[in-house]
Amino acid sequence: REALAAVRHLLPKGVPIVAVSKGIELGSRRLMCDLIPQALERAACDNPVVVVSGPSFAKELMNRRPTSVVAASADLDAAERIQRLLTSSYLRVSMTDDVIGVEVAGALKN
């Protein structure tokens with residue numbers, strides 16, 4: 001929360017926020033898709049949150065091994081922007097609007 005609050009003045013409205021952090025905030029039990037707009041003190045539509053998660057490992061990406069992730073957002077246009085940005089010959093990015101499902105699965109996976 002403090003890190004997001006510290007940079008909120010640097011984030012122009014309309015820029016999607018990509019969340020790659022997995023987990024549920026202790027105490028509040030909030031998911032990142034809820035915590036981020038609250039910490040930025042903005043409506044979710046001001047900076048749509050796109051959660052990126054999946055059965056991938058950083059080592060696979062570093063070694064350019066084929067892997068995949070999911071970009072999940074209530075704003076499918078924002079998810080598509082992130083999909084286009086991240087997709088490569090070795091990384092497949094699927095899209096969904098099931099943000100809660102992707103976040104909970106990512107938290108439980110780890």
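Start by selecting Arg8: this residue is partly exposed, with a relative accessible area of 23%. Keep in mind as you click around that you're looking at a predicted model. Now add Glu41 to the selection, and you'll have a salt bridge on screen, with the closest N and O atoms 3.7 Å apart. Arg8 sits in the loop between α1 and β1 and Glu41 in the loop between α2 and β2, so the pair ties together parts that are 33 residues apart in sequence. Glu41 itself is exposed, at a relative accessible area of 61%. Check its backbone too: Glu41 comes just after α2 and takes a positive phi of about 55°.

**Next stop: Lys13 and Asp46**

Stay with those two loops and select Lys13 and Asp46. Their side chains meet in a salt bridge, 3.9 Å from N to O. Here again distant parts of the chain are linked: Lys13 belongs to the loop between α1 and β1, Asp46 to the loop between α2 and β2, and they are 33 residues apart. Lys13 is exposed, with a relative accessible area of 59%.

**Step over to Asn47**

Asn47 is also in the loop between α2 and β2. Is it buried or exposed? Show the surface and you'll find Asn47 buried, with a relative accessible area of just 2%. Turn on the side chain and look for Val15, whose backbone oxygen lies 2.8 Å from a polar atom of the Asn47 side chain. For the wider neighbourhood, leave out residues up to four places away in sequence and Asn47 touches Pro12, Lys13, Gly14, Val15, Ile17 and Arg42. So you've met Lys13 twice now: as a contact of Asn47 and as the salt-bridge partner of Asp46.

**Color helix α2**

Select residues 32–40, which make up α2. How many of the nine residues of α2 are buried? Seven are, so this helix is largely enclosed by the rest of the structure. To see them, show Met32, Cys33, Leu35, Ile36, Pro37, Ala39 and Leu40 as sticks. Then bring up what surrounds them: the buried residues of α2 pack against α1 (2–7), β1 (17–19), β2 and α5.

**Into strand β2**

β2 covers residues 49–53, and Ser53 is in it. Ser53 is buried, with a relative accessible area of 9%. Which residues does Ser53 touch, not counting those up to four places away in sequence? Select Lys22, Val69, Val70, Val102 and Gly106 to see the set.

**Follow the trail to helix α5**

Two of those contacts, Val102 and Gly106, fall within the numbering of α5, residues 99–109. Ile100 is in this helix as well, and it is exposed, with a relative accessible area of 55%. Add Val104 and Leu108 to Ile100 and you have a nonpolar patch on the surface, with about 300 Å² of accessible area together. A bit of helix geometry helps here: an α-helix has 3.6 residues a turn, so residues three or four places apart point the same way.

**One more helix: α4**

Jump to residues 76–86, helix α4, and pick out Arg84 and Glu80, which lie four residues apart, about one turn of the helix. Their side chains meet in a salt bridge, 3.7 Å from N to O. Arg84 counts as exposed at 55% relative accessibility, while Glu80 counts as partly exposed at 35%. The salt-bridge count for the model comes to four, and the ones on this tour are among them: Arg8 with Glu41, Lys13 with Asp46, and Arg84 with Glu80.

**Zoom out**

Clear your selections and go back to the cartoon. You should find five helices and four strands. Trace them along the sequence and the pattern reads α-β-α-β-α-β-α-β-α. The C-alpha trace spans about 40 × 30 × 25 Å along its principal axes. The radius of gyration is 14 Å, which agrees with the value near 13 Å that a compact globule of 110 residues would have.

Switch to the surface for a last look. The accessible surface comes to about 6,900 Å², and 56% of that belongs to carbon and sulfur atoms. Of the 110 residues, 34% count as buried. As for contacts between residues at least 6 apart in sequence, 62% join residues at least 24 apart.

Key:
Residues numbered from 1 in each chain as written. Predicted model: local features only at pLDDT ≥ 70, side-chain atom pairs only at ≥ 80, totals over all residues. Heavy atoms only, no water. Buried < 20%, exposed > 50% of the residue type's maximum accessible area, 1.4 Å probe, protein only. Contact = heavy atoms within 4.5 Å. Patch = residues over 30% accessible without salt bridge, like charges linked within 9 Å, V, L, I, M, F, W, Y side chains within 5 Å. Areas by Shrake-Rupley, 256 points an atom, 1.4 Å probe, with all protein chains shown as cover. Rg over C-alpha atoms; globule rule 2.2 N^0.38 Å. Polar contact = N/O pair within 3.5 Å; in protein donor to acceptor, adjacent residues only side chain to side chain.
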